[in-house]
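Got the viewer open and a selection tool at hand? Let's take a stroll through this model, one stop at a time.

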Amino acid sequence: YRWWQPLRQGRRCELELVLSASSVVRAHDPGKAEHAADEDLRRRFEEFWAAHKDCPLRGRDAILRGVCPEIHGMFLVKLCLALTLLGGVAVTHGLSRVRGCVHFLLVGDPGTGKSEVLRWAA
């Protein structure tokens, strides 16, 4: 079901998605899946860096090729963006921990892909 909030001038229209169910069955135990995913991720991480142990900068560049892949080159900009997105200060809201606001200023010549990089980050 979709419930539309009443329209009010000067406010955004809000939509609430409501699901109605007569029965809910858990398909799998999430604890086992998370543990298996963690082990698989750890194995892939170790394999990746073992393959690049002779030159870790090549491994870094391989990761950066996945950051905003439609733009070629600009490794320094991509590195700054990746470090900004991965780093940051943790903010606690009640019981949940989230990343704080990310500020990233990108200045350069027209036509160098600044908007595409920022759009990818968003």
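Before we start clicking, one definition: helices (H or I, at least four residues) and strands (E, at least two) are DSSP runs, numbered from the N terminus. Residues are numbered from 1 along each chain as its sequence is written, and side-chain values use heavy atoms, with hydrogens and water left out. What you have open is a predicted model, where local features need pLDDT of at least 70 and side-chain atom pairs count only at pLDDT 80 or more, while totals for chains, interfaces and linings use all residues.

**The whole chain**

Begin with a cartoon view. The protein chain has four helices and four strands, and along the sequence they come in the pattern β-β-α-α-α-β-β-α. Switch on the surface next: the accessible area is about 10,800 Å², with 57% of that belonging to carbon and sulfur atoms. Accessible areas come from the Shrake-Rupley method with a 1.4 Å probe, and for residues only the protein chains shown count as cover. Of the 122 residues, 11% count as buried; here buried means under 20% relative accessible area, exposed means over 50%, and partly exposed is in between (1.4 Å probe, protein chains only).

**Helix 1 and its salt bridges**

Now select Asp40 and Arg43. Both sit in helix 1 (residues 30-51), three residues apart, about one turn of the helix. Their side chains form a salt bridge, at 2.4 Å from N to O. The term covers a side-chain nitrogen of Lys or Arg within 4 Å of a carboxyl oxygen of Asp or Glu.

Add Glu47 to the selection. Which residue does Glu47 pair with in a salt bridge? It is Arg43, and the closest N and O atoms are 3.0 Å apart. Arg43 and Glu47 are four residues apart in helix 1, so about one helical turn separates them. Together, Asp40, Arg43 and Glu47 are linked in a network of salt bridges. Colour them by accessibility and you'll find Asp40 partly exposed at 30%, Arg43 partly exposed at 40% and Glu47 partly exposed at 45%.

**Past the end of helix 1**

Move on to His52, in the loop between helix 1 and helix 2. Is His52 buried or exposed? It is buried, with a relative accessible area of 19%. Setting aside residues up to four places away in sequence, His52 touches Arg58 and Gly59, where contact means heavy atoms within 4.5 Å.

**Another salt bridge, then a loop**

Select Arg60 and Asp61, whose side chains meet in a salt bridge of 3.0 Å, N to O. Arg60 is partly exposed, at 31% relative accessibility. The search of the whole structure finds three salt bridges.

Keep Asp61 selected and add Gly73, in the loop between helix 2 (56-64) and helix 3 (75-86). The two are twelve residues apart along the chain, and their C-alpha atoms are separated by 9.9 Å. Gly73 is partly exposed, with a relative accessible area of 29%.

**Last stop: the core**

Finally, select Leu64, Val67, Cys68, Ile71, Leu81, Ala82, Leu106 and Val117 and show them as spheres: these eight residues make up the largest nonpolar core. Such a core is a set of buried Ala, Val, Leu, Ile, Met, Phe, Trp, Tyr and Cys residues joined through side-chain atoms within 4.5 Å. In soluble globular proteins, nonpolar side chains tend to be buried together. Zoom in on Ala82: apart from neighbours within four places in sequence, Ala82 is in contact with Leu64 and Val67.
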